[in-house]
Every structure is written in structure tokens, then in C-alpha cells.
Amino acid sequence: MSISKAEVSDEVKQALSTLLISGKHVLGVSPSDIISNYRKKNVVDGRRMMYNILRKKYKLTHEVIGALFNKDHSTVVYSERVHRSMLITEPAYVKRFDRLFRHFHGLKPPDSKLMTLMENQLLLK
């Protein structure tokens, strides 16, 4: 089953934009790096955290999250397992995840101009 970004609700697209902005502020990872295939630890950790937030808060399937990040659903499944493990074994990861989670939930949605720009650059590739 293939999911296109056009099938994702505006609420989820806006949440992704807000989450990418939170990632930039909290983790220092640019939205373009998160959406890319970069494999640096801080980028992969940020991506993994974002998968988890979207999955838990919006009850998205692995397939939908994969489509949003241009990844296969199996990558999201694996990242979810690694995330759970890291929450147990890596205190620094827990601290960064907590900061991202809190920032995301406290951040107002981006204005419409920024939303349109981010959709054009990242979400609708």
C-alpha cells in the first residue's frame, strides 16, 4: 500500500512543520537534514524522535510516517524499536527527547507563509 503526501491531513502536515521547527531549535538539526538521507547520529536521533511523536500523538501508521519523511515503513518500525531501547539505556537521549517533546507541545503552529514555504520545500517533494 503506497501513501502519498496528498492523502495526509492538513493537521498532520502542520504538525510535521511545527515538529521540524522544534527540531531545529531544540536539536540543532535543520528540517532539510531531517528529511534527507543523512546518517549522522544527531540527525538520525532527531528523525527517530519525530517518528515517535507523530506516531503517539497522531496515531499515524508506519507507512504514513515513512511517506512524510521519504522513508520505507520498515525504517520507521526499526526506529520505533531503537527509540524504546534508547529511552531505557541512554539518559542523554531521554533528555533531548523530553526537550523536543515539550518544545513541540508548547510551540504555536507556524504562520501560513512559513507553512507554505515548508510544504513546498519539504513535504511535497
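In this predicted model, much of the interest in helix 3 lies in its buried positions: Val 43, Asp 45, Gly 46, Arg 47, Arg 48, Met 49, Met 50, Tyr 51, Asn 52, Ile 53, Leu 54 and Tyr 58. These buried residues pack against quite a list of partners, namely helix 1 (10–27), helix 2 (31–35), helix 4 (62–68), helix 5 (73–89) and helix 6 (91–106). The helix itself covers residues 41–58, 18 residues in total, and runs 25 Å from its first C-alpha to its last, close to the 26 Å expected at 1.5 Å a residue. Right after helix 3 comes Lys 59, with a positive phi near 55 degrees.

Searching the whole structure for aromatic pairs turns up 2 of them. One is made by Tyr 51 and Phe 69, which meet edge-to-face, with 4.9 Å between the centres and 80 degrees between the planes. Tyr 51 sits in helix 3 while Phe 69 belongs to the loop between helix 4 and helix 5, so this pair ties together parts 18 residues apart in sequence. Tyr 51 counts as buried because its relative accessibility, 3%, falls under the 20% cut-off. Phe 69 is buried too, at 0% relative accessible area.

Then there is the pair of Phe 97 and Phe 101, a tilted one, at 6.1 Å centre to centre and with 40 degrees between the planes. Both rings come from helix 6, where the two residues are 4 apart and thus separated by about one helical turn. As for accessibility, Phe 97 is buried at 12%, whereas Phe 101, at 38%, counts as partly exposed.

Note on methods
Residues are numbered from 1 along each chain as its sequence is written. This is a predicted model: local features need pLDDT of at least 70, side-chain atom pairs count only at pLDDT 80 or more; totals for chains, interfaces and linings use all residues. Side-chain values use heavy atoms; hydrogens and water are left out. The expected span of a helix is 1.5 Å times one less than its number of residues. Buried means under 20% relative accessible area, exposed over 50%, partly exposed in between (1.4 Å probe, protein chains only). Contact means heavy atoms within 4.5 Å. Rings of Phe, Tyr and Trp (its six-membered ring) pair if their centres lie within 6.5 Å; planes under 30 degrees apart count as stacked, over 60 as edge-to-face and the rest as tilted.
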